[in-house]
Each structure stands twice: as structure tokens, then as C-alpha cells.
Amino acid sequence: MGLIGKLAVAAVLLGGAGAAVAWFLSAPVLLDAEAVAALGEGDATKGERIFWAGGCTSCHARPKSEGPARLELAGGLELKTPFGTFVAPNISPHPQDGIGGWSLEDFANAMLRGVSPAGEHYYPAFPYSSYTRMQPADIADLYAFMKTLPAVEGKAAGHQLGFPFNIRRGLGLWKRLYLSDEPVVVLADGAPENARAGQYLVEGPGHCGECHTPRQFTGGLKKDQWLAGAVAAEGDGIVPNITSGEGGIGDWSGGDIASFLETGFTPDFDSVGGSMVAVQKNMAMLPAADREAIAAYLKAVPPHPNGYPARQPAQPGG
Amino acid sequence: MRKLILAISALALAGTAAFADPIADRKALMKANGKAAGQLGAIAKGEQPFDAAAVLAALTTLSEDAAKMDVAALFPAGTDQGDTTASPKIWEDMAGFQAKVDKFKADTAAAVAAPPQDVEAVKATLGALGQNCGGCHETFRIKKS
């Protein structure tokens, strides 16, 4: 065998080994028996709070739903991102078209591990990379609450993604890089108690960082610019900086933040806009103490300058 | 005849002057709305005492500003460009945008016709009117900075 042939064989062997390692590393990782046992019995009444904190309805209700229709989680909302178009699925308790056939363990694996009952990875457009920080009891409560919602018939359309993003298995490698249930921010020892409660709500169920933090080209969050604001995943706009850094909300008091989450008005009485409108409606459903906790946490996070580029000056005549 | 021409020219000029800069004009309207909402907000939050006259004045401002929202004049084609946060969706869905403006007109007119008589009612009115702000900004405004 000539040199070229030997090299070719080596390349195939190495490539095969690489592929085998990648296959091994990309395998879905499920909750172990101990974690499943920790879920316990869910309480639907308590789960309603988690439901609003988690913002499930913002993506999973039919687009433009108002009032009670926000509890019909038929799916269908399209998220047009640089990776392709994700379509939110039906997560109503419908046994075939929704998640009515799921066990609590299935639900917990979806929320905490981003793995479907069929053992496939979910795309992180479903923000399990935040939900993975949630307490087991909250998962069980949320499961119990979602069982009480109306079952809606009809599956939503599938995602439309190009290569290589259409290969779900590859997400296993992404998860190894970015899926972590550790807190993002280390609060100072003297931080108020409700800032810690707010940390849980923001970094876990509230998944605020998913839009308010800039991402790398791989789609991983730049945690060193946590909540610094970002170019919106959809459209031309930005998602604001909600730290106290330059361009952020350092001049808002904790009361201003809590009031914004309750009423949708900024301190100077501009109004909430864009996708935050749906989020604010959810936040308004929480107990006041939760909004105050979120405010306390946002006042305590490290300040960053804006995580998005400065706006280009308007072109004359453009 | 000459007078007529002069009159038409004057009208045309006045029209041009009023809407020379629709982006600036619509921004001024929105600022005024924010200020009026802020007056209601101060009462709703208990920062200011309830004052029926002040409440009615703020609601009247909102209603008059709403009446001034002539979509064709304030949002002519091409004014999604420039120093504006108006979304291109306004021009893609002019009927939907007009419907939001009409709802704002109707809701503010109704509030003026039956103004709130105590702090709790101010909160409710502001909450209901605020749905108009967010409801329109959800789709038709882009946050740029």
C-alpha cells in the first residue's frame, strides 16, 4: 500500500473513531431514578404560579390569543431565527396531539434535560437550558396544573431547519457545552433574601436570559454578558439591557421594575412592546412578592454595557 | 381666481408645515400620551392624591391625541426609515394598524365620557387603556436602542 493509501485508511479509521466518540457524546442524558423520585406529587394550584412564571403560553398558545384562549396550548407560533424556523408544538393535554399521554417523568425529562419521551433532543428554542435550573417540586406542580388545561386537537407544523441544524443528535454536543443547572450569577453574601428568590425565577422558570443575553454564533449564551441585552433573534430590533450598566435600567428603582412587570409602563410611562408584551401579561399574574423578588435580583446582578451594537445613524434620504 | 389660488397655496403650505416631518409629529403625540398616562399613573400609585379634574384632563389629552392620529398623514409610506421605531409591519398590515388606532380612539373617548371617580377606578381605567399601548407596540413598534 502506498503512502496515499495508508493515509486514506488512517483518515477513515480516525474519522470513524471521531464519529463514534461524537455519537457517544451526543446521546440524550435522562434523569436518574433518584431525580425522578424527587419530583414527588404535584399540586395543580401551586403549579399555576409556575405556569405564569414559565411563560409557557407566550409561545404555545395560538398566536394572538387573548384572555382564556391563552390557556389553550395548541402551538403554532413561528420563531424565525438564523438557524431556521421553529414552530411551537401543541402542549395541551390532548392525548395524541398534545402531551396528555406523558408521564411526570416524561415531562421532567423534557423540562430539565431537553429530551422527548421518544428519547430525542429538543431544540433549545424550547428554553430547557433555563428550565433545567428548576426545582423538582415545581416541575411536578406545573405538570399537575397543565393537566387541568383544555385539551386541544391538532398538531402544529414541524420545524423548518437547514443542514446541519436539522440533525437533532448534534444537540447532544451543544448540551455538553451549554446545558448547566448551576446558577449563572453568584450573588454577594449580603444580597437580600428576595434577590435569591428572584434569581430562581429569572434564571430558571422565567428564562429571561434567553432573550436578554447575547449569544455566540453557536447559539450558546454569553454568560459574561448576562442580561446585557441582545440583538433580537427575530426581526430587526433589540432586546434591552436589564442590568444596571450603561444603556441598562440602572436608573429604575426596584419599585419601578416591579411596577413595569405589573402594569407594562416604564418609569417615564413609555409602554411595554414587542414580545415582552406577552411576558409582562404573565408576570402580572404572579404574586406581588415574586415581581419584587425579580426586581431585587435585577438590581443585584453585575452591570454590563449593552450587549448589542450601537444603532447605526439614520442614512440621509434612506 | 387669484384669491382662490392664494388660498389653495396657503392651505397646501399649512398642510406641508403641519406634516413636514411625520416622524417628529407622531413622536410628539406619543410623548404627550406618555405624559398623560404618567399623570394617571401617579394617582394610581398613590404618589398624587385623587383629583377628578386632573384625571379628566389627562383622559381628555389622551382622547384628543387619539383623535389626531391620522394614520395616512402620520405614517406615510417610506417613514419606516429614519429616526423611528415604527415597524415595517405597519405598512404590511395597514388595516390591522388602523384597527388598533380606532380601538384606542374608542377606548379613550369612552373613558372621557365616564371618567373614574376614585383611585381604584383610575387603576382600572389606566390598566384598560394601557392594553392599547402594549397591544399596538407588541406588533407595530421595534425596539432599536
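**Strand β2 (residues 84-87) of chain A and its antiparallel pairing with β3(A) over two bridges.** In this predicted model, local features need pLDDT of at least 70 and side-chain atom pairs pLDDT 80 or more, whereas totals for chains, interfaces and linings use all residues. Residues are numbered from 1 along each chain as written, chains are lettered from A and ligands numbered from 1 in written order, and side-chain values use heavy atoms, without hydrogens or water. Within the pairing of β2(A) with β3(A), G84(A) stands opposite L161(A), and T85(A) faces Q160(A) of β3(A). Strands here are DSSP runs of E with at least two residues, and helices are runs of H or I with at least four, numbered from the N terminus; two strands pair if DSSP finds at least two bridges between them.

**The hairpin of β1(A) and β2(A), set in an open sheet of three strands.** The strands of this sheet follow the order β1-β2-β3 in chain A, with antiparallel pairing. Its edge strands are β1 (78-81) and β3 (160-161) of chain A, each of which pairs on one side only. Four bridges join β1(A) to β2(A), and these two strands run antiparallel, while a hairpin of two residues makes the connection from β1(A) to β2(A). Across this pairing, K80(A) stands opposite T85(A) in β2(A), and E78(A) has V87(A) as its bridge partner in β2(A). Strands of a sheet pair through backbone hydrogen bonds, either parallel or antiparallel.

**Backbone geometry at K64(A) and at the F163(A)-P164(A) peptide bond.** Most residues other than glycine have a negative phi, and most peptide bonds are trans. K64(A), which lies in the loop between α4 (56-60) and β1 of chain A, has a phi near 70°, a positive value in a residue other than glycine. The peptide bond that joins F163(A) and P164(A) is cis, with omega about 0°, and P164(A) belongs to the loop between β3 and α8 (171-178) of chain A.

**Packing of helix α11 (residues 254-263) against helix α12 (residues 276-283) in chain A.** These helices pack at an angle of about 100°, with their axes 6 Å apart; axes are lines fitted to C-alpha atoms over the stretch in contact, and angles run from 0 to 180 degrees between N-to-C directions. That angle makes α11(A) roughly perpendicular to α12(A), where 65 to 115 degrees counts as roughly perpendicular, under 35 as roughly parallel, over 145 as roughly antiparallel and the rest as oblique. F260(A), L261(A), E262(A) and T263(A) in α11(A) are in contact (heavy atoms within 4.5 Å) with M276(A), Q280(A) and M283(A) in α12(A). This contact has four nonpolar, two polar and one charged residues; Ala, Val, Leu, Ile, Met, Phe, Trp, Tyr, Cys and Pro count as nonpolar, Asp, Glu, Lys and Arg as charged, and the others, Gly among them, as polar.

**Helix α3 (residues 52-67) alongside helix α6 (residues 94-113) in chain B.** The two axes come within 8 Å and cross at roughly 150°, which makes α3(B) roughly antiparallel to α6(B). On the α3(B) side, the residues are L56(B), L59(B), T60(B), L62(B), S63(B), A66(B) and A67(B), which meet F104(B), K105(B), T108(B), A109(B), A111(B) and V112(B) of α6(B). By class, the residues of this contact divide into nine nonpolar, three polar and one charged.

**Helix α6(B) beside helix α7 (residues 119-140) of chain B.** Here the axes come within 10 Å and cross at roughly 170°, and α6(B) and α7(B) are therefore roughly antiparallel to each other. The residues of α6(B) that take part include F97(B), K100(B), F104(B) and D107(B), and among their counterparts in α7(B) are L129(B), N132(B), C136(B) and F140(B). The contact of α6(B) with α7(B) has six nonpolar, five polar and three charged residues.

**The interface of chain A with chain B.** In this view, 20 residues of chain A are in contact with 22 residues of chain B. The two chains bury about 1,800 Å² between them, 57% of it on carbon and sulfur atoms; buried area is the accessible area (1.4 Å probe) that two parts lose on being put together, summed over both. F265(A), F269(A) and R311(A) supply 35% of the area that chain A buries against chain B, more than any other three residues.
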